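Here are a few notes from my pass through the fold, set out as numbered points. Have the model open while you read.

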Amino acid sequence: MVRGPLAGPLPTGQHHARAPRLATGTWPDVQEGILLVPVGSTEQHGPHLPLETDTVIATAVTAELAQRATSAGHRAYEAPALPYGASGEHEDFPGTVSIGTSALVEVIVELCRSASRWANRIALVNGHGGNVEALRSAVPLLREEGRDVGWLSCVDVYAGADLHAGLSETSLMLVLAALDVKMDRAEAGDCGVAETLLSELRAQGVRAVSPNGVLGDPNGASQAHGHEVLAGMCDAAWERFATWAPGAGGMLSSMPTGDSI
């Protein structure tokens with residue numbers, strides 16, 4: 001089994017080896033290796049971004065991590081995304097579909113138990129902050145069972161990202177799914193301090209804090225900024241993934257910890 005940090009270089013920039021997509025392969029194509037799973041959501045992202053925004057971003061980061069691992073000489077597979085998460089704070093907006101934390105824990109646990117029959121390492125790449133509680137519950141359980149599982153939040157690893165449907169996410173989506181972005185509808189939402197906003201929305205829901213569902217200001221978003229954010233996000237995520245040092249909650253750190261494997 002693969003243990004500890006990934007061996008080989010930490011590639012950046014242009015890549016030549018394409019990581020296999022699990023969904024398009026056949027069973028004889030799949031061998032023991034690393035499985036990377038995007039964990040997203042289907043939830044409102046203001047009047048201008050699609051409901052699948054978190055899933056699209058998590059999928060893009062997952063694909064990049066899988067490709068870098070493949071370029072470094074490892075067998076890595078990009079799994080289909082989990083498109084539903086714990087998005088209860090957004091349920092006041094039509095279109096949001098949330099399965100809640102308890103159900104998401106069960107899905108993650110059973111998915112990883114099944115996949116670990118052939119995958120010797122599983123990385124969960126999270127695109128939605130509301131999924132963190134489920135990941136912190138599911139991954140330590142899986143690790144106690146002897147399964148080599150870790151997780152990271154692709155948005156959290158990039159220090160410059162704003163909260164929700166603002167400049168960062170809008171710029172990212174202009175790169176990843178430009179045809180689905182309705183910039184003529186883009187408008188600022190609540191741009192308050194992150195800690196205060198998070199406390200209020202957890203207690204009251206997002207609509208009570210921001211009637212249009214935006215936490216930040218998407219005006220000024222551009223593909224240029226989107227490429228910058230995506231590159232920074234992928235580089236930071238790769239550092240954590242390649243180091244492979246899950247902490248107490250199973251979250252991957254860029255620095256080795258006492259729970260390093």
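1. One cut-off first, as the helix packing below rests on it: contact means heavy atoms within 4.5 Å. Bear in mind too that this is a predicted model.

2. With that in hand, look at how H2 and H3 meet. From H2 come Thr101, Leu104, Val105, Ile108, Val109, Cys112 and Arg113, and they touch Glu133, Ala134, Leu135, Ser137, Ala138, Leu141 and Leu142 of H3. Sorted by class, that contact holds ten nonpolar, two polar and two charged residues.

3. On geometry, the axes of H2 and H3 are 9 Å apart and the packing angle is about 35°. The crossing of H2 past H3 is right-handed.

4. Now the sheet. It is open and built from four strands, ordered S2-S1-S3-S4, with parallel pairing. S2 (76-78) and S4 (149-153) are the edge strands, and each has a single partner, so one side of each has no neighbour in the sheet. From one strand to the next, the twist averages 20°.

5. For a closer look at one edge, take S4 and its pairing with S3 (residues 119-126), which is parallel and runs over five bridges. Across that pair, Leu124 sits opposite Trp151 in S4.

6. Finally, how do the helices sit on the strands? H2 (residues 100-115) lies across S1 (33-39), S3 and S4, at about 150° to S3. H3 (residues 132-144) lies across S3 and S4, and runs at about 160° to S4.

Definitions and conventions: Residues are numbered from 1 along each chain as its sequence is written. This is a predicted model: local features need pLDDT of at least 70, side-chain atom pairs count only at pLDDT 80 or more; totals for chains, interfaces and linings use all residues. Side-chain values use heavy atoms; hydrogens and water are left out. Two strands pair if DSSP finds at least two bridges between them. Helices (H or I, at least four residues) and strands (E, at least two) are DSSP runs, numbered from the N terminus. Axes are lines fitted to C-alpha atoms, for helices over the stretch in contact, and angles run from 0 to 180 degrees between N-to-C directions. A crossing is left-handed if the near helix is turned anticlockwise from the far one by less than a right angle, and right-handed if clockwise. Ala, Val, Leu, Ile, Met, Phe, Trp, Tyr, Cys and Pro count as nonpolar, Asp, Glu, Lys and Arg as charged, and the others, Gly among them, as polar.
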